[in-house]
Amino acid sequence: EASAAYLDKFRQKVELYGNRNYPDEAKQQRLSGEVRLMVILNAQGGIRAIRLIEGSGHAILDEAAKASVRRGAPFGPFDANMKDISELRIVRTWRFDPVDAEFEVH
């Protein structure tokens with residue numbers, strides 16, 4: 001079972017990189033949408049896979065969501081109470097908001 005602290009660190013890091021690299025094209029076109037991804041991490045916090053579960057309807061947002069994970073990686077070794085797991089599957093929704101030109105991970 002993943003620790004809440006580890007998942008929170010993952011979310012914060014992904015949001016930081018995602019907002020720092022928010023696609024200009026998405027801002028200009030005021031694209032909004034939600035992208036649901038499954039991210040699979042290995043025990044070192046590296047990316048084993050990124051799977052698109054549900055697209056936003058805009059390829060640029062789907063790609064930006066994946067890119068935010070790749071830029072944020074690696075996410076650090078699993079913490080002590082996660083020593084029994086060899087990989088971590090994180091399913092989250094990446095929400096792009098054109099009004100504030102920012103995105104959040106839920």
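Me: In this structure, which residue lies over the face of Tyr17?
Reply: The model is a predicted one, and a charge counts as sitting over a ring if, for an arginine, CZ is within 6 Å of the ring centre and within 35 degrees of the ring normal. At 5.3 Å from the ring centre of Tyr17, the residue that lies over its face is Arg20.

Me: How are the rings of Tyr6 and Phe78 arranged, stacked, tilted or edge-to-face?
Reply: Ring pairs have centres within 6.5 Å, and planes over 60 degrees apart count as edge-to-face; by this rule the count comes to four aromatic pairs. The rings of Tyr6 and Phe78 have centres 5.5 Å apart and planes at 85°, so this pair is edge-to-face.

Me: How many residues apart are Tyr6 and Phe78, and which parts of the chain do they link?
Reply: Both Tyr6 and Phe78 are buried. Tyr6 belongs to helix 1 (residues 4–20), while Phe78 sits in the loop between helix 3 (59–72) and strand 3 (87–97). The pair therefore links distant parts of the chain, and its two members are separated by 72 residues.

Me: Which strands stand at the edges of the sheet?
Reply: The sheet is open and has four strands in the order 2-1-3-4, with antiparallel pairing. Each edge strand has a single partner strand, so one side of each is left without a neighbour in the sheet, and these edge strands are strand 2 (47–54) and strand 4 (102–105).

Me: What angle does the direction of helix 1 make with that of strand 4?
Reply: Strand 4 is joined to strand 3 by four bridges, and the two run antiparallel; within this pairing, Trp94 stands opposite Val105 in strand 4. Helix 1 packs on the sheet, where it touches strand 1 (33–42), strand 3 and strand 4, and its direction makes with that of strand 4 an angle of about 165°.

Me: Is Thr93 buried or exposed?
Reply: Thr93 is found in strand 3, and a residue counts as buried when its relative accessible area is under 20%. Because the relative accessibility of Thr93 is 11%, this residue counts as buried.

Me: With which side chain does the side chain of Thr93 make a polar contact?
Reply: Leaving aside neighbours within four places in sequence, Thr93 is in contact with several residues, including Glu34, Val35, Arg36 and Val105. Of these, Val35 is 58 residues from Thr93 in sequence, with the C-alpha atoms 5.5 Å apart in space. The polar contact, at 2.5 Å, joins the side chain of Thr93 to that of Arg36.

Conventions: Residues numbered from 1 in each chain as written. Predicted model: local features only at pLDDT ≥ 70, side-chain atom pairs only at ≥ 80, totals over all residues. Heavy atoms only, no water. Phe/Tyr/Trp six-rings, centres within 6.5 Å; stacked < 30°, edge-to-face > 60°. Buried < 20%, exposed > 50% of the residue type's maximum accessible area, 1.4 Å probe, protein only. Pairing = 2+ DSSP bridges. Contact = heavy atoms within 4.5 Å. Axes fitted to C-alpha atoms, helices over the stretch in contact; angles between N-to-C directions. Polar contact = N/O pair within 3.5 Å; in protein donor to acceptor, adjacent residues only side chain to side chain.
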